[in-house]
Amino acid sequence: MRPYLAAEPALRRLELIVTRRLDGLLQGEHLGLVPGQGSEPAEARPYQAGDDVRRIDWNVTARTAAPHVRDLVVDRELEVWTLLDATASMDFGTAKMEKRELALAAVAAVGFLTQRTGNRIGAHLLHGGGVRRLPARTGRPHLMALLQAMFGLPRTSPGVAEPPLAAALEQLGRVVRRRGLVVVVSDFLDDPRSWEGPLRRLGVRHQVLAVEVVDPRELALPDVGVLTLIDPESGRRREVSTGDARLRLRYTEAAAAQRAAISAALRGTGATHLRLRTDGDWVRDLVEHVLRQRRLARLAPAPRATAVRGGPDGDTTSGSPSPDRSEGRGPRESGVVPEGHAAPGGPWGRGPGGEAA
């Protein structure tokens, strides 16, 4: 059977799961950074020759005794980019699914819930053959084609050299110029010092969601006798006696230290961190993450936008300060996607707007 024929039923079932359990959480509008023909009022400014008299703010005019007009913030679509790690280490799973399948489900959840409002989604696929780029477009047919391409990625043979995660992040940062939402789905098993810098640089322009995919056997080793372990990325083999209690304890401690280092590195980049496990309910984990981000956004003060005349291209630009990414502060939201001062970066709580730079 052709890969796309095998993928279609699985993707339809996945879409049904996402829309049934997550529908309504990520709905709303995304406001750009540039004033224009929108519906959301921005700051008032003194009237200048050529301004539309219909936009005169009579309340401010009466208080200041000078004519003032109020600009509007233009509505923009959100551009979403996903980086899917499909290297050999993701072809592993001992619970409900493999890590690769869980990663595909996470990408599908983001895609199904953002494409219905006219947003664009594209992808970079990291696998044994290199990094494959799928351009960002709108519509369900494009999303299904993108997911089918992910579904049909071939598995990498053990020992085949693969590009590191850091190289894929660097390429994504060079290609994606428009501000938006970047979703990185990986197990992040590469040395955090290699990918921490590129991920931090991505966060300067974009809102970044890092989805860490974990299998329970990567955290603890069961007592099942002698195991033959294979490193999927190097092909090395080693026999391990799991009956040794001290070995299992050392394994658990080393795994905990590794995950703590990954969490610290992601926290240092300013990315929003979501951990999904192959033995858990990934939809529930995603819902809890979204609701937590919504609560944090409600506690944060809304930034004030100030219109500034004469940008570098001669257009009116917004002088609103960028949210503080390190502390998770951003515009106030209703639901998950913003209300009023919406977070243009997307449904995950904070980040810069979706206007082209």
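Helix H3 is largely enclosed by the rest of the structure, because 16 of its 17 residues are buried. In this predicted model, H3 runs over residues 99–115 and reaches 24 Å from its first C-alpha to its last, close to the 24 Å expected at 1.5 Å a residue.

The helix also takes us into the largest nonpolar core, which has 41 residues. H3 gives the most to this core, with 10 residues. Other elements that each supply at least two residues include strands E3 (79–85), E4 (120–127) and E6 (181–186), along with helices H4 (140–151) and H8 (282–299). Which members touch the most others? They are Leu147, Met150, Val183, Val185, Val211 and Trp282.

Val185 makes a good place to zoom in. Leaving aside neighbours within four places in sequence, Val185 is in contact with Leu83, Leu84, Asp85, Ala103, Val107, Val211 and Val213. In soluble globular proteins, nonpolar side chains tend to be buried together. Another core, of 22 residues, lies apart from the 41-residue one, and has Leu165, Leu202, Ala210 and Leu266 among its members.

Now for the open space. The largest pocket has a volume of about 1300 Å³. Its lining has 34 residues, and the closest to the pocket centre are Leu229, Ile230, Asp231, Pro232 and Tyr251. Strand E8 (226–230), strand E9 (237–241) and helix H7 (245–269) are the elements that give two or more residues to this lining, and H7 has the largest share, seven residues. By class, the lining divides as follows.

| Class of lining residue | Count in the largest pocket |
|---|---|
| Nonpolar | 15 residues |
| Polar | six residues |
| Charged | 13 residues |

Terms used: Residues are numbered from 1 along each chain as its sequence is written. This is a predicted model: local features need pLDDT of at least 70, side-chain atom pairs count only at pLDDT 80 or more; totals for chains, interfaces and linings use all residues. Side-chain values use heavy atoms; hydrogens and water are left out. Helices (H or I, at least four residues) and strands (E, at least two) are DSSP runs, numbered from the N terminus. The expected span of a helix is 1.5 Å times one less than its number of residues. Buried means under 20% relative accessible area, exposed over 50%, partly exposed in between (1.4 Å probe, protein chains only). On a 1 Å grid over the protein atoms alone, a cavity is a set of points where a 1.4 Å probe fits but cannot get out, and a pocket is an open set with protein on both sides within 12 Å along at least five of seven lines; lining residues have an atom within 4 Å of a point. Grid points are joined across faces, edges and corners, and a volume is the space filled by probe spheres set on the points. Ala, Val, Leu, Ile, Met, Phe, Trp, Tyr, Cys and Pro count as nonpolar, Asp, Glu, Lys and Arg as charged, and the others, Gly among them, as polar. A nonpolar core is a set of buried Ala, Val, Leu, Ile, Met, Phe, Trp, Tyr and Cys residues joined through side-chain atoms within 4.5 Å. Contact means heavy atoms within 4.5 Å.
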